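I set out to look up how certain helices pack in this model. My entries follow the structure.

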Amino acid sequence: MAAAAFLCARAAAPALLPPSRGLPRRLLLASRATAAALSSSSGEGGGGVEFQGKVGFLGLGIMGAPMASNLIKAGCDVTVWNRTKSKCDPLLSLGAKYEPSPAEVASSCDVTFAMLADPESAAEVACGANGAAEGLAPGKGYVDVSTVDGATSKLIGERITSTGASFLEAPVSGSKKPAEDGLLIFLTAGNESLYKRVAPLLDVMGKSRFYLGDVGNGAAMKLVVNMVMGSMMVSFSEGLLLSEKVGLDPNTLVEVISQGAISAPMFSLKGPSMVKAAYPTAFPLKHQQKDLRLALALAESVSQSIPTVAAANELYKAAKSLGLADHDFSAVIEALKAKAQSSQQ
Ligand SMILES: NC(=O)C1=CN([C@@H]2O[C@H](COP(=O)(O)OP(=O)(O)OC[C@H]3O[C@@H](n4cnc5c(N)ncnc54)[C@H](OP(=O)(O)O)[C@@H]3O)[C@@H](O)[C@H]2O)C=CC1
Ligand SMILES: O=CCCC(=O)O
């Protein structure tokens, strides 16, 4: 633990506290308390992020890089690691430090965040050889923001806490742009003291945070949200293709949907490029399929039937086999096109 309090200066503050409509009162209070802390410690033209210590960040993919970048821009003392080392370079130019393994990051920092691809990589980076757990000790914290299943999160949590360190799972809702803009939604569970301790950091990277109790609840909430999203995208894709087939302009469908009760930012954001068969990656299709697979297992564990999700999952699997795993998940529409083509032959 750093001897002196380290105050992250909010030099280039991302939008911190958007309209609070819809947030539970307890969370609103948390956000306002942070806002008060920020404004009371603000210097000329900026605020301050009160956090005691050094921050580690493991995993600098589509999400991890902008999240770590926002912490650095807010003035935090950040040390990074990524399996592919070159992805650290943009962060190092912003002022981050580098350590050659997760263990060394965790040992040199007070709190370490991890944003990894899937359950396997999250477990490997936390618990494997030279993994974060090897560098942890009492007083330190580990916050896993990857999307994984509850069982993996519990396994990671048990290994982390066996070192005397604290563990928080904190998967995020929101994609590449919200990550860049500091507007993510954190779904946290686990050690509540750690939650409170890292709250100022979560507020740099996100617009709201939910504390959901025991480890596993954050993971479950994230999987439920993403299974709804994955099915919505399939339904939207079917609508776009059907509208075109019956002679309507799918762009008009996007506009009509945007004005009605089923309007969702996702449709307005991705619809126009889907019509042009362009899928610039914000949320990789392989990760959406991973989340559906994990949501299906979650449902199975409580004998809940989710047939729509099961059908959607098959389409994402088909899209993966078409070579679209690294495209945006909206490319699932291509699996429907392929299906239509093969049924015409
Ligand atoms: N993109 C999005 O919109 C969102 C994604 N998420 C979730 O966040 C997580 C990260 O997503 P995203 O940033 O998009 O994914 P990316 O695929 O862009 O990044 C994945 C990261 O995991 C690392 N990684 C993968 N396998 C291993 C391994 N075996 N050992 C060590 N590191 C590994 C990658 O390292 P390397 O660079 O070396 O490949 C990279 O840093 C996922 O769980 C995803 O489901 C959550 C919300 C939104
Ligand atoms: O896990 C990815 C979620 C993407 C989003 O919430 O827009």
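I looked up the H5–H6 contact (heavy atoms within 4.5 Å) in this predicted model. Pro119, Ala122, Ala123, Ala126 and Cys127 of H5 meet Thr152, Leu155, Ile156, Arg159 and Ile160 of H6. By class, I find eight nonpolar, one polar and one charged residues in the contact of H5 with H6.

I then took the axes, which are lines fitted to C-alpha atoms over the stretch in contact, with angles from 0 to 180 degrees between N-to-C directions. The axes of H5 (residues 119-127) and H6 (residues 150-161) come within 10 Å and cross at roughly 0°. H5 is therefore roughly parallel to H6 (angles under 35 degrees count as such).

Next I examined H9 (residues 217-245) and H11 (residues 265-275), which pack at about 45° with axes 11 Å apart. This makes H9 oblique to H11 (35 to 65 or 115 to 145 degrees, the rest of the scheme). Among the residues of H9 in this contact are Met229, Met232 and Phe236, and Met266, Phe267 and Lys270 are among those of H11.

Last, I checked H10 (residues 250-259), whose buried residues (under 20% relative accessible area, 1.4 Å probe, protein chains only) are Pro250, Val254 and Ile257. They fall within an arc of 70° seen down the axis, so they line one face of H10. These buried residues pack against H9 and H11. The face turned away carries Val256 and Gln259, which are exposed (over 50%).

On conventions, I note that residues are numbered from 1 along each chain as its sequence is written, and chains are lettered from A and ligands numbered from 1 in the order written. Local features need pLDDT of at least 70, side-chain atom pairs count only at pLDDT 80 or more, totals for chains, interfaces and linings use all residues, and side-chain values use heavy atoms, without hydrogens and water.

Note on methods
Helices (H or I, at least four residues) and strands (E, at least two) are DSSP runs, numbered from the N terminus. Ala, Val, Leu, Ile, Met, Phe, Trp, Tyr, Cys and Pro count as nonpolar, Asp, Glu, Lys and Arg as charged, and the others, Gly among them, as polar. The arc is that of the directions from the helix axis to the C-beta atoms.
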